[in-house]
Amino acid sequence: MLIEALNFLSARCEGKFKRFGYLHEAVAIDARFRRCKSAWKSHLENTKSEILSAIDKTSKHAKVVVLGAGAGYDIPLDELERQFDRVVLVDVVFLRSIRKKAQRSSKITLVEADLTGLVDSLEYLSSDFNVKKIQSTPPVDLLDGADLVISCNILSQLPICIQNWLIKSGVDEDDGDLQKCCRKIIRDHLKWLEKSDSSVLLITDLERRVEPVKVMEEGEIRDNALYGLKFNKLAANWIWDIAPSPEVDTAYHLKHLVGSVYLKHDDFFDIS
């Protein structure tokens, strides 16, 4: 709890992002990493391996952009620094640990950005607000000049704080239009990546799995993590033991199916 409090107090985060819950989420994820470090090991290694593979496939190494850089636990930062002239790490909030690493390197730039572009437009909702009219606007210029763009374990997270904010603002959590809005946020991120002039590596949660600790209990529950979207082609996939019992529940483990896709310039994601 002390580390969480220090992280919360020492983080530099715009007030609007705090109000939307981004700082709370960042601190909570960092705390879970510390508690579940051994369970996360294979996921972090697989993520780093996919990034190293993407580096090898990328011919030019002037600039790499990492979207959803977070605390950097799943990023081979030393190798990115060695291979690229510029390393741009992007997230809504950066905690103290990653800021210290960035301060020690002239190659690393931290960019605090809302990848949905929705926080400003949704912070103060009018009485005639219509969830159907929500249109995400990713920061297009952010990817300019990149040779490799990495969307790192962020895709399934993009709608969450937006969804929670809208529910707090009075939108029914079971509203079908809200689910469509969340799905569109994910699609818009993928379209943004496809339009970049670089190669792209996407690493994302695909499915959430609730698995009983006792074998004799009722079988696991599976839920699509991307609001119904599915990737028809993956380069690799693996299981992330994100919350082994008793992290969330004494009777269940929470696991995620994670997958990666590598796109060459002008390629498209195969989704349905």
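Colleague: How many salt bridges does the structure hold?

Modeller: This is a predicted model, and it holds 15 salt bridges. Take Arg 35 and Glu 247 to begin with: their closest N and O atoms are 2.5 Å apart. Arg 35 sits in helix H3 (residues 22-35), while Glu 247 is in the loop between strand S7 (236-243) and strand S8 (252-263), so this bridge ties together parts that are 212 residues apart in sequence.

Colleague: And Glu 247, how exposed is that residue?

Modeller: Partly exposed, with a relative accessible area of 21%. The cut-off for buried is under 20%.

Colleague: Which residue does Lys 255 form a salt bridge with?

Modeller: Asp 241, with 3.7 Å between the closest N and O atoms. That pair links strand S8, home of Lys 255, to strand S7, where Asp 241 lies, 14 residues apart. The two partners fall on either side of the cut-off, because buried means under 20%: Lys 255 counts as buried at 19%, and Asp 241 is partly exposed at 24%.

Colleague: What about Arg 222?

Modeller: Its side chain meets that of Glu 207 in a salt bridge, 3.8 Å from N to O. Here Arg 222 belongs to strand S6 (residues 221-224) and Glu 207 to strand S5 (residues 199-212), 15 residues apart. Arg 222 is partly exposed, at 49% relative accessibility. Salt bridges can also form a network, as they do for Glu 14, Lys 16 and Asp 120.

Colleague: On to strands. Do S2 and S3 run parallel or antiparallel?

Modeller: Start with a general idea: in a regular strand the side chains alternate between the two faces of the sheet. In this model, strand S2 (residues 86-91) and strand S3 (residues 108-112) run parallel, joined by five bridges. If you want a register marker, Val 88 stands opposite Thr 109 in S3. Getting from S2 to S3, the chain passes through helix H6 (residues 96-103), and this β-α-β crossover is right-handed.

Colleague: How do I read a helix like H9, and what span would be expected at 1.5 Å a residue?

Modeller: Compare its end-to-end reach with the expected value. H9 (residues 176-195) has 20 residues and reaches 29 Å from first C-alpha to last, close to the 28 Å expected. Then look at the N-terminal end, which Asp 175 caps: one of its side-chain oxygens lies 2.8 Å from the backbone nitrogen of Asp 177.

Colleague: Which residues of H9 are buried?

Modeller: Among them are Leu 178, Cys 181, Ile 185, Leu 190 and Trp 192, and also the charged-type names Asp 188 and Glu 194. Their cover includes strand S1 (63-67), strand S4 (148-152), helix H8 (160-168), S5 and S8.

Colleague: Where is Thr 47, and what does it touch?

Modeller: Thr 47 is in helix H4 (residues 37-57) and is buried, at 0% relative accessibility. Leaving aside residues up to four places away in sequence, Thr 47 touches Asp 74, Cys 152, Asn 153, Ile 203 and Trp 238.

Colleague: Which backbone angles deserve a look?

Modeller: Try Asn 153, one of those contacts of Thr 47. Asn 153 has a positive phi of about 55 degrees although it is not a glycine. This residue lies in the loop between S4 and H8, and is buried at 12%. Asp 266 also has a positive phi, near 80 degrees, but sits in the segment after S8 and is exposed, at 54%. Finally, the peptide bond from Ser 245 to Pro 246 is cis, with omega near 10 degrees; Pro 246 is in the loop between S7 and S8.

Methods:
Residues are numbered from 1 along each chain as its sequence is written. This is a predicted model: local features need pLDDT of at least 70, side-chain atom pairs count only at pLDDT 80 or more; totals for chains, interfaces and linings use all residues. Side-chain values use heavy atoms; hydrogens and water are left out. A salt bridge is a side-chain nitrogen of Lys or Arg within 4 Å of a carboxyl oxygen of Asp or Glu. Helices (H or I, at least four residues) and strands (E, at least two) are DSSP runs, numbered from the N terminus. Buried means under 20% relative accessible area, exposed over 50%, partly exposed in between (1.4 Å probe, protein chains only). Two strands pair if DSSP finds at least two bridges between them. A crossover is right-handed if, with the strands pointing away from the viewer, the path from the first strand over the helix to the second runs clockwise. The expected span of a helix is 1.5 Å times one less than its number of residues. Contact means heavy atoms within 4.5 Å. A polar contact is a pair of N or O atoms within 3.5 Å; within protein, one must be able to donate a hydrogen and the other to accept it, and residues adjacent in sequence count only if both atoms are side-chain atoms.
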